[in-house]
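User: Hey, can you walk me through this one? I'm new to reading structures.
Analyst: Sure, have a look and ask away.

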Amino acid sequence: MARDYYGTLGVEQDAGPDQIKRAYRRLARELHPDVNPDPAAQERFREVSTAYEVLSDPEKRRIVDLGGDPMGNGAAAGGPGDQFGFGVSDIMDAFFGGQAGGRGRGPRSRVQPGADALIRMPLTLNECATGVTKDLTVDTAVLCTECTGAGSAPGSAPSVCDICAGRGEVQSVQRSFLGQVVTSRPCPNCRGFGEIITDPCRQCGGDGRVRSRRSVGVRIPAGVADGMRVRLAGQGEVGPGGGPAGDLYVEVEEEPHELFTRDGADLHCTVQLPMTAAALGTTLPLPTLDGVEELHVEPGTQAGSVQTLRGKGMPRLRSTGRVDGHGDLMVHVDVAVPTNLTKEQSDLLRQLAAMRGEEQPDLVGGNRNGHGIFSRLRDSFGR
C-alpha cells in the first residue's frame, strides 16, 4: 500500500513547493536527532525526510499522485529512502532557511541567455558633431535555422538520460554523525540537462546557434565623444539552445583632427600670425565645424592670447541622448617672429625700434617710474 506522504508532512495534495518546504523545515526543527534524541522522534524524522524527498521531486510526486509509491520498489536503494534520506541542502534549509548551492532541484535548461557583443566604430570629428547613421558588419552567434534552437536534427528529439533518469543530478550517500547524508551533483553524462541529444543538428552541432556575419544599422547621435557606447538591444550573441540574444554595444573611436583638439564640448585651435599682423590687427578666415568664420584680431594682440568664439564648439550631449547647446571654440594666437631679414627690412625694424625707444630692451617688468632692470643697473653703475 502506498504511503501517505502528504499526511506525513501535514500538507494538502495541492500544496505548492513552498508550502511543502515550510512544512519540512518546521518538522525538521522539532524532530532532528541533534534536537530531539527520542528514538520515536528519530523514526518520525526519517519518515518526514523521505516524504520531503519524494514530494520535492516532480517525477516522484507525479508517481504518488497517480497512486504509486516511488520508494516502495527499492528505487531509492543507496539513496534518499535509506536511513535519514536527506541532503546537505535540506539540512541547511531546515535550520538556516536557505538552500545550499544556490540552485533549485531538477535539470537545468539548455536555453541560456546570450552574451553581449562589442564593436568599435571609427568616426571623424565632423561625424561626431553632426551624428551619423551607418551599417555595421558584425559576426555573432545567431539562431540556427535548421533546428530553431532545439539542437536536435529535424524529426528527432532528445532522449532522457539513463544515468540520472532525467533529474539532471546524481546522488551519493555518506555516513556522518547525523546518519546517512545524501549529496547531489550534476550528472556527468548529460551535464545536468536531464536529457541527451542523440541526433544533433548537422548545422549547429546541437548548440542551437551558429556563427553568422550580418549587417546591422546603427544611428550615432550628435555630440558623441571617444569611448562612448551606443546600445543596440537584442543584437548581440544568441544564447545556447537558442536563448535570448544579448545586446550589441557600438563604441566610438574618435579620429584626430588636423586643426582642432577637443576638450569635452569645447574645441581648441592655434592661429599663427605674422608679427606685423599681430601689431596692426587683421581679419582672417577661420574654418569651423559650421563653415568659415571671420576672426578679428585686434591691434597689439600678444602671443599666447586666446579668443573665444561662443557656440562654435561641439554639441553638448545629455544622458538622454538629446543635444543641449554647443561648446565654444578657443583660438590660441601664436605670433611668428620673422627670420632671414633683408638689409632693407632690418633697417626698417631698427628705425621702428629707435622711434619706440626699444634699441636696448629691458627685462620684462619695470618699477613704478617705468624703469626696468637694465635701466636700474645702468643708473647704479653711473653714480
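**Sheets, strands and rings**

User: Okay, how many bridges join β15 to β18?
Analyst: Four bridges join β15 to β18, which covers residues 329-336, and the two run antiparallel. Two strands count as paired if DSSP finds at least two bridges between them. Strands here are DSSP runs of E with at least two residues, and helices are runs of H or I with at least four, numbered from the N terminus.

User: Which residue is the bridge partner of Q307 in β18?
Analyst: That's V331.

User: Before I go on, what am I looking at?
Analyst: It's a predicted model, where local features need pLDDT of at least 70, side-chain atom pairs count only at pLDDT 80 or more, and totals for chains, interfaces and linings use all residues. Residues are numbered from 1 along each chain as its sequence is written, and side-chain values use heavy atoms, with hydrogens and water left out.

User: Back to that sheet. What's the strand order?
Analyst: The order is β11-β12-β18-β15, an open sheet of four strands with mixed pairing. At the edges sit β11 (261-263) and β15 (306-309), each pairing on one side only.

User: What about β2, which residues are on its covered face?
Analyst: A117, I119, M121 and L123 are on the covered face of β2 (residues 117-123), while L118, R120 and P122 are on the uncovered one.

User: Why do they take turns like that?
Analyst: In a regular strand the side chains alternate between the two faces of the sheet.

User: And which way do β2 and β10 run?
Analyst: Parallel, with seven bridges joining β2 to β10 (residues 248-254). In that pairing P122 stands opposite E253 of β10.

User: New topic: how many aromatic pairs are there?
Analyst: The count is one. Rings of Phe, Tyr and Trp (its six-membered ring) pair if their centres lie within 6.5 Å; planes under 30 degrees apart are stacked, over 60 edge-to-face, and the rest tilted. The ring centres of Y24 and Y52 are 4.2 Å apart and their planes are at 10 degrees, so this pair is stacked.

User: Where do those two sit?
Analyst: Y24 is in helix α2 (residues 17-31) and Y52 in helix α3 (residues 39-55), so the pair ties together parts 28 residues apart in sequence.

User: Is Y24 buried or exposed?
Analyst: Y24 is buried, at 1% relative accessibility. Buried means under 20% relative accessible area, exposed over 50%, and partly exposed in between (1.4 Å probe, protein chains only). Y52 is buried too, at 3%.
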